[in-house]
2 protein chains.
Amino acid sequence: MTERGQGDGTVAKALAVMDEVAGFGRPVRFSELLDRSPYPKATLYRFVQVLTKQGMLHFDPDRQTYAPGLRLVRLAHAAWQTSALAPIARRHVDALSDAVGETVHLAQLDGAQVLYVDKRNARQPIEMFSAAGKVGPAYCTGVGKAMLAFLPEADLARAIAQQSFHRFTDHTYTTEAALRSELAAIHARGFAYDREEHEPGIICIAHPILTRGGRVLGAMSVTSTTARETLEGLDRHLPRIRAAAEAIAAEAQDWRFPDAAE
Amino acid sequence: MTERGQGDGTVAKALAVMDEVAGFGRPVRFSELLDRSPYPKATLYRFVQVLTKQGMLHFDPDRQTYAPGLRLVRLAHAAWQTSALAPIARRHVDALSDAVGETVHLAQLDGAQVLYVDKRNARQPIEMFSAAGKVGPAYCTGVGKAMLAFLPEADLARAIAQQSFHRFTDHTYTTEAALRSELAAIHARGFAYDREEHEPGIICIAHPILTRGGRVLGAMSVTSTTARETLEGLDRHLPRIRAAAEAIAAEAQDWRFPDAAE
DNA sequence: CGTTCAGTTTCATTATGTGAAACTTGGTTT
DNA sequence: AAACCAAGTTTCACATAATGAAACTGAACG
């Protein structure tokens with residue numbers, strides 16, 4: 001019995017298979033899964049059968065391929081409504097996006113990664129799941145750093161240990177030390193910048209969403225490009241983004257995330 | 001509620017617990033789950049532990065409540081992109097909604113239920129997960145009937161066996177015989193109406209989305225109210241909705257759902 | 001036909017999940 | 001404060017359910 005997320009539990013293994021299928025991003029043959037799977041043929045086969053019968057996977061009999069199933073969409077609907085900030089935040093994200101005319105992201109921390117739970121693109125009116133559900137690195141995005149900066153040390157250490165510190169651009173922080181000093185600055189300042197750390201030419205200003213007790217609920221960002229905007233220019237959105245973050249926190253507080261002690 | 005997660009498989013049981021949690025629509029205490037669960041305390045407890053550790057549930061330590069977890073959102077993103085019609089159909093749903101100025105639904109069949117995978121509301125510009133993921137009955141909605149009418153007999157029989165035939169309104173078909181004759185009419189006509197069968201005052205015209213091989217991919221509908229519109233009035237949207245359905249089918253065909261034989 | 005490859009089934013073995021009961025914790029009553 | 005209670009957690013003998021090597025099917029190809 002290993003301590004890894006894999007070794008224990010049939011359910012964990014089945015979910016790992018789900019991740020595997022989802023990771024392909026397209027319908028996938030049994031044999032393709034088998035190649036990447038640590039399990040023997042019969043075992044994988046049974047998992048896939050069970051998951052299909054359960055509606056977690058969809059089997060296309062013509063092509064003989066498996067894809068993530070519709071039951072997931074149903075469950076995700078519930079996840080979205082119940083546990084994500086998005087439904088609470090929607091009004092505020094809308095308003096902010098209208099006011100600033102730039103792309104607005106709403107993100108939460110999912111383990112050590114940033115999970116984008118909502119996105120508003122000023123020009124193109126609608127982005128659906130295509131935006132929600134996307135994950136990104138925490139150490140080199142505005143929202144990621146904004147959240148990390150306000151994490152308790154224990155959680156932060158765990159999260160940092162899982163960062164890849166891949167150098168996406170010349171501005172990416174690639175060491176724990178560098179990141180930690182940046183996080184300290186963010187903590188002191190109260191919000192974060194992304195100085196083209198993830199993608200060249202892309203900058204943003206990001207603000208954490210915190211409970212009164214200081215717990216990190218998520219973060220919000222306004223994104224622009226160096227072609228149109230400077231970091232200083234983004235600062236003019238600060239009052240709006242801060243107000244939105246605080247409004248979301250206040251509503252979330254009353255509604256779903258009350259702190260224990262106050 | 002459903003007949004899922006019965007005697008077979010640990011994975012099935014765990015997923016049944018997920019459904020249970022999702023069904024509450026709000027963060028839920030362990031004891032609340034226990035009340036509704038067929039499993040003894042220790043068993044349920046272990047499931048909830050495993051699911052939480054796996055990120056399928058989120059535990060709020062302050063309130064001691066469980067809610068669907070963010071891993072679901074991540075997985076659903078993949079499900080959405082890979083297996084749902086929505087990403088392919090989006091452009092067409094948008095265009096149709098703009099053109100007709102009424103609410104447009106895009107649905108797929110999930111077992112015996114209708115799963116709404118996209119929705120465009122003419123007035124309110126954006127609806128996110130709040131609409132996507134919703135489920136409804138197949139036997140008394142326009143999209144449901146449009147899909148049932150083009151199902152192979154074996155699948156249809158299975159689907160019909162699972163309908164509740166609850167009488168929502170005076171117009172609801174409440175027997176298999178009545179439904180079957182309605183389905184025959186729809187099949188002959190090529191599209192379906194909802195004559196206030198699900199909600200009083202709500203009518204719609206719905207068109208199936210079929211592969212060239214005749215396989216049911218989904219359905220699309222334009223909804224209105226008896227206050228504003230008549231069934232005959234909705235007919236004027238038929239060319240547009242049919243064109244959209246065919247365009248979606250054509251794209252889906254090439255892209256993801258090629259028929260085996262042609 | 002014989003070979004190969006993808007997918008499916010079998011079955012003895014053993015790991016895993018099971019659940020009654022005991023225990024812990026924290027709050028409420030007497 | 002002792003007694004009580006309810007919610008949540010852990011234990012452990014037992015039985016069910018998962019495992020995976022190997023055998024099987026059935027196309028597709030030459």
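## DNA-facing surfaces and folds in a predicted model

By class, the surface near DNA strand D holds seven nonpolar, seven polar and five charged residues. The model is predicted. Around DNA strand D stand 19 residues, and the nearest of them are A:Pro40, A:Ala42, B:Phe30, B:Ser31 and B:Ala42. Both chains contribute helices here. H1 and H3 of chain A, together with H1, helix H2 (30–36) and H3 of chain B, each supply at least two residues of the surface near DNA strand D. The most comes from H3(A), with four residues.

DNA strand C also has 19 residues around it. A:Thr10, A:Ser31, A:Ala42, B:Pro40 and B:Ala42 come nearest. The surface near DNA strand C has eight nonpolar, six polar and five charged residues. Five helices each supply at least two residues to the surface near DNA strand C: H1 (10–24), H2 (30–36) and H3 (41–53) of chain A, with H1 (10–24) and H3 (41–53) of chain B. The largest share, four residues, comes from H3(B).

### Helix packing

Two packed helices are described by the angle between their axes and the distance between the axes. Within chain A, the axes of H1(A) and H3(A) come within 10 Å and cross at roughly 80 degrees. H1(A) is therefore roughly perpendicular to H3(A). From H1(A), the contact uses A:Lys13, A:Ala14, A:Val17 and A:Met18. From H3(A), A:Phe47, A:Val48, A:Val50 and A:Leu51 meet them. By class, this contact has seven nonpolar residues, one charged residue and no polar residues.

H1(A) also packs across the chains. H1(A) and H1(B) lie at an angle of about 80 degrees, with axes 9 Å apart. That angle makes H1(A) roughly perpendicular to H1(B). A:Thr10, A:Val11 and A:Ala14 in H1(A) meet B:Thr10, B:Val11 and B:Ala14 in H1(B). The contact of H1(A) with H1(B) has four nonpolar and two polar residues, and no charged residues. A:Ala14 takes part in the contact with H3(A) and in the contact with H1(B). A:Thr10 belongs to the contact with H1(B) and is among the nearest residues to DNA strand C.

### Chain A overall

Chain A has 10 helices and eight strands. Of its 262 residues, 45% count as buried. Contacts in chain A with a separation of 6 or more include many that span the sequence: 58% join residues 24 or more positions apart.

### The sheet and hairpins of chain B

Six strands of chain B form an open sheet, in the order E5-E4-E3-E8-E7-E6, with antiparallel pairing. Its edges are strand E5 (135–137) and E6, and each pairs on one side only. Neighbouring strands of this sheet are turned by 30 degrees against each other on average, direction ignored. Helix H5 (residues 86–100) of chain B lies across strands E3 (103–110), E4 (113–120) and E8 (216–225) of chain B. H5 runs at about 60 degrees to E4(B).

At one edge, E6 (residues 192–195) and E7 (residues 202–210) of chain B pair in the antiparallel sense over four bridges. B:Ala192 stands opposite B:Ala206 in E7(B). B:Arg195 has B:Ile203 in E7(B) as its bridge partner. A second hairpin of chain B joins E1(B) and E2(B). Strand E1 (residues 57–60) and strand E2 (residues 65–68) of chain B pair in the antiparallel sense, also over four bridges. The table sets out both hairpins.

| Hairpin | Residues between strands | Turn residue and phi | One bridge pair |
|---|---|---|---|
| E6(B) and E7(B) | six residues | B:Glu196, positive, about 55 degrees | B:Arg195 and B:Ile203 |
| E1(B) and E2(B) | four residues | B:Gln64, positive, about 55 degrees | B:Leu57 and B:Pro68 |

### A loop histidine

Is B:His166 buried or exposed? B:His166 counts as exposed because it has 11 C-beta neighbours inside 10 Å, and the cut-off for exposed is 12 or fewer. B:His166 lies in the loop between helix H7 (153–161) and helix H8 (176–189) of chain B. B:Tyr139 is 27 residues from B:His166 in sequence. In space the two are 9.4 Å apart, C-alpha to C-alpha.

Conventions:
Residues are numbered from 1 along each chain as its sequence is written. Chains are lettered from A and ligands numbered from 1 in the order in which they are written. This is a predicted model: local features need pLDDT of at least 70, side-chain atom pairs count only at pLDDT 80 or more; totals for chains, interfaces and linings use all residues. A residue is near a molecule or strand if its C-beta atom, placed from the backbone, lies within 6 Å of it. Ala, Val, Leu, Ile, Met, Phe, Trp, Tyr, Cys and Pro count as nonpolar, Asp, Glu, Lys and Arg as charged, and the others, Gly among them, as polar. A residue is buried if 20 or more other C-beta atoms lie within 10 Å of its own, exposed if 12 or fewer, and partly exposed in between; C-beta atoms are placed from the backbone. Two residues are in contact if their C-beta atoms, placed from the backbone, lie within 7 Å. Axes are lines fitted to C-alpha atoms, for helices over the stretch in contact, and angles run from 0 to 180 degrees between N-to-C directions. Angles under 35 degrees count as roughly parallel, over 145 as roughly antiparallel, 65 to 115 as roughly perpendicular and the rest as oblique. Two strands pair if DSSP finds at least two bridges between them.
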